[in-house]
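Dear colleague,

Please find below the structure that I am handing over to you. My notes on what was found in it follow directly after.

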Amino acid sequence: MEKLNFVRDGVMKLPPGFRFHPTDEELVVQYLRRKVLSCPLPASIIPEVDVCKSDPWDLPGDSGQERYFFSTREAKYPNGNRSNRATGNGYWKATGIDKQIVTSRGNKVVGMKKTLVFYRGKPPHGSRTDWIMHEYRLVDATESTIQQKKNSTQTVMEDWVICRIFLKKRGTKHEEEMTKSYNCEKVGSVGENGPVFYDFLGKERADLNLIPVSSSSGSSGVTEVSSHESSDHDHEESNSCYSFSSIRRKPLA
């Protein structure tokens, strides 16, 4: 069977309607582990690119979509384990803690996922951007097996990782202001056309001006309190059809 090849000039090229959305487990087990062990891949779909040789927006492929790359980790110091993640105009900085990648059957840990954020400028005064990278690597147990293969075959195998790079999307400031303004208008419209509630138990009860509230039918409102008990009683009876109850003063004994 002919091996499927979807990489053209270092860029993933899929037929129309096809999408590459592997799970974390599939990336580690089916692609990364096979790459490290020099085993046949399910398909040639992930190009080999040194992601730290270019800024994220200059990497091959569509910058508006998720991009996957096989890359090697370059040591920052000759005798150290820290990786050099500096690019031409910035650097990748790790954030949070590494996440374990476990198999769906058996819950066996097969890899780790590190999250990094791209900063413009020089550390430690770089400015944070919305570029995110997920770096997938094999765990120690798998690496020890690979090391045994290295010793047995006496071949040099590079320290491969898979990098998933994408631009985090978030709403702009203008969109947030428009949403806030729209919500305020909706609240205001309820006060103008809908029912209005008054706090009749407040301290300034005597100074409260009760304004009739109009409705579409014009049949509801708030009756003003009269200073004379008799007229107040008659006025309340005449307005008994109102949806809002009038305020009655308790008659003196």
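**What was found in the structure**

F69 stands opposite C163 in strand 7. This pair is a convenient place to begin, but please keep in mind that the model is predicted.

**Overall composition**

The protein contains four helices and seven strands. Read from the N terminus, its elements follow the order β-β-α-β-β-β-β-α-β-α-α. Of its 253 residues, 30% count as buried. Its accessible surface amounts to about 17900 Å², and carbon and sulfur atoms contribute 51% of that. Among the contacts with a separation of 6 or more, 57% are between residues 24 or more positions apart.

**The sheet**

Five strands make up an open sheet in the order 3-7-6-5-4, with antiparallel pairing. Strand 3 and strand 4 (90–102) are at the edges and have a single partner strand each, so one side of each has no neighbour in the sheet. On average, neighbouring strands of this sheet are turned by 25 degrees against each other, direction ignored. As general background, strands of a sheet pair through backbone hydrogen bonds, either parallel or antiparallel.

At one edge, strand 3 (residues 67–72) is mostly covered, since five of its six residues are buried. Strand 3 pairs with strand 7 (residues 160–167) in the antiparallel sense over six bridges, and the F69 and C163 pair mentioned above belongs here. At the other edge, strand 4 runs antiparallel to strand 5 (residues 109–120), and 10 bridges join the two. Y91 stands opposite Y119 in strand 5.

**Helix 1 and the sheet**

Helix 1 lies across strands 3, 4, 5, 6 and 7, and runs at about 65 degrees to strand 6 (127–138). Which residues of helix 1 (residues 24–36) are buried? They are L27, V28, Y31, L32, K35 and V36. These residues cover an arc of only 130 degrees around the axis, which puts them on the same side of helix 1. The general rule behind such spacing is that an α-helix has 3.6 residues a turn, so residues three or four places apart point the same way. Just after helix 1, S38 adopts a positive phi of about 60 degrees.

**Salt bridges**

The count of salt bridges comes to seven. Three of them may be described in turn.

- D24 forms a salt bridge with K113, with the closest N and O atoms 3.2 Å apart. D24 lies in helix 1 and K113 in strand 5, so the pair ties together parts that are 89 residues apart in sequence. K113 counts as buried because its relative accessibility is 12%, and the cut-off for buried is under 20%.
- E66 and R164 meet through their side chains in a salt bridge of 2.4 Å, N to O. E66 is in the loop between helix 1 and strand 3, while R164 is in strand 7, so this pair ties together parts 98 residues apart in sequence. E66 is partly exposed, at 31% relative accessible area, whereas R164 is buried, at 15%.
- D159 forms a salt bridge with R73, the closest N and O atoms lying 3.0 Å apart. D159 is in the loop between helix 2 (140–153) and strand 7, and R73 is in the loop between strand 3 and strand 4, 86 residues apart. Both are partly exposed, with relative accessible areas of 38% for D159 and 25% for R73.

In addition, salt bridges that share partners join D98, K114 and R137 into one network.

Yours sincerely

Notes:
Residues numbered from 1 in each chain as written. Predicted model: local features only at pLDDT ≥ 70, side-chain atom pairs only at ≥ 80, totals over all residues. Heavy atoms only, no water. Buried < 20%, exposed > 50% of the residue type's maximum accessible area, 1.4 Å probe, protein only. Arc of directions from axis to C-beta. Pairing = 2+ DSSP bridges. Axes fitted to C-alpha atoms, helices over the stretch in contact; angles between N-to-C directions. Contact = heavy atoms within 4.5 Å. Areas by Shrake-Rupley, 256 points an atom, 1.4 Å probe, with all protein chains shown as cover. Salt bridge = Lys/Arg side-chain N within 4 Å of Asp/Glu carboxyl O.
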